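Q: I'm looking at this structure for the first time and would like to zoom in on one part of its surface. Could you walk me through it slowly, and then show me what surrounds it?

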Amino acid sequence: GPGDEAGPDALSLADPADIAADIAAYARAVRAEAIVGYDERGGYGHPDHVVLAGATRAAASEVGVPFVEVISVSRDDHGPRPEGYWVVRPDLNERIAGALRCHASQVTVRGDRIQHVGGQTEPVPIAVGLRRG
C-alpha cells in the first residue's frame, strides 16, 4: 500500500484497474510485442513500483503480449541469483552511476552506492535479471 507520506497524487493510491487500462492502451497504441515491468517486489519496494508490478502484468494479459519482469535483487544479496536471464556488467559501473545521477529526484549517488528517496541504500546496480512472468 501507499507509504505514510504518500501525497494525493501518489500512484499507489490509484485504482490498479485504471493503471492497467492506461498501460494497456499505450501498449496497443505502440503495438507492443511485450511489456516489461517490475516483479512483485517492485524493485526496491517503493509502493508505487509495487502497484505497477501487478498493473503491468494485468495490462500484458489484457493486451495478449508476454510480460517480462525485472528481477529484484541487490548486489548486497549473497545468495544465488534467482532463475532468469542475467546481464552482469561491472565494466559499466561508472556509466550506470552517471545515468542514475540524472534521476536526482529519486536517487543520490554516493561513490559506488545509491540512496533512494525512501532512504534505502544499495550498491550501484551492475546486474539486471529478466524472466518471463
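Which strands each supply at least two residues of the nonpolar patch?

A: Strand 3 (85–88) and strand 7 are the ones to look for, since each supplies at least two residues of the patch. Before you zoom in, keep in mind that this is a predicted model.

Now for the patch itself. Val36, Tyr85, Val87, Val128 and Leu130 make up this nonpolar piece of surface, and it covers about 420 Å². Try colouring those five residues to see where they sit. Val36 is worth a click: you'll find it in strand 1 (residues 35–38). Its relative accessibility is 54%, and the cut-off for exposed is over 50%, so Val36 counts as exposed.

Next, follow strand 7, because it takes us from nonpolar side chains to charged ones: Arg131 lies in strand 7 (residues 127–132). The side chain of Arg131 meets that of Glu69 in a salt bridge, with 2.4 Å from N to O. Glu69 belongs to strand 2 (residues 67–71), so this pair ties together parts of the chain that are 62 residues apart in sequence. The two partners are covered to different degrees. Glu69 has a relative accessible area of 5%, which is under 20%, so it is buried. Arg131, at 25%, counts as partly exposed. There's a third member here too: Arg57, Glu69 and Arg131 are linked in a network of salt bridges.

How many salt bridges are there altogether? The count comes to five. Another one joins the side chains of Arg28 and Glu62, at 3.2 Å from N to O. This pair also links distant parts of the chain: Arg28 is in helix 1 (residues 16–29), Glu62 is in helix 3 (residues 47–63), and 34 residues separate them. Both come out as partly exposed, with a relative accessibility of 44% for Arg28 and 44% for Glu62.

While you have those two helices in view, check how they pack. Helix 1 and helix 3 meet at an angle of about 50 degrees, and their axes are 8 Å apart. An angle of that size falls in neither the roughly parallel nor the roughly perpendicular range, so the helices are oblique to each other. The crossing of helix 1 past helix 3 is right-handed.

Leave helix 1 in the direction of strand 1, and you pass through a loop that holds Arg31. This residue has a positive phi of about 55 degrees even though it isn't a glycine. Why would anyone point that out? Because most residues other than glycine have a negative phi. Arg31 is also exposed, at 73% relative accessibility.

Two more stops finish the tour. The side chains of Asp91 and Arg89 form a salt bridge as well, at 2.7 Å from N to O. Asp91 counts as exposed at 53%, while Arg89 is partly exposed at 36%. Then find Arg95 in helix 4 (residues 93–101), where it counts as exposed at 67% relative accessibility. From Arg95 to Ile126 is 9.9 Å, C-alpha to C-alpha, although the two are 31 residues apart in sequence.

So, back to your patch: when you look at it again, start from strand 3 and strand 7, as each gives at least two of its residues.

Key. Residues are numbered from 1 along each chain as its sequence is written. This is a predicted model: local features need pLDDT of at least 70, side-chain atom pairs count only at pLDDT 80 or more; totals for chains, interfaces and linings use all residues. Side-chain values use heavy atoms; hydrogens and water are left out. A salt bridge is a side-chain nitrogen of Lys or Arg within 4 Å of a carboxyl oxygen of Asp or Glu. Helices (H or I, at least four residues) and strands (E, at least two) are DSSP runs, numbered from the N terminus. Buried means under 20% relative accessible area, exposed over 50%, partly exposed in between (1.4 Å probe, protein chains only). Patches are made of residues with over 30% relative accessible area and no salt bridge: like charges are joined within 9 Å, nonpolar side chains (Val, Leu, Ile, Met, Phe, Trp, Tyr) within 5 Å. Accessible areas come from the Shrake-Rupley method with a 1.4 Å probe; for residues, only the protein chains shown count as cover. Axes are lines fitted to C-alpha atoms, for helices over the stretch in contact, and angles run from 0 to 180 degrees between N-to-C directions. Angles under 35 degrees count as roughly parallel, over 145 as roughly antiparallel, 65 to 115 as roughly perpendicular and the rest as oblique. A crossing is left-handed if the near helix is turned anticlockwise from the far one by less than a right angle, and right-handed if clockwise.
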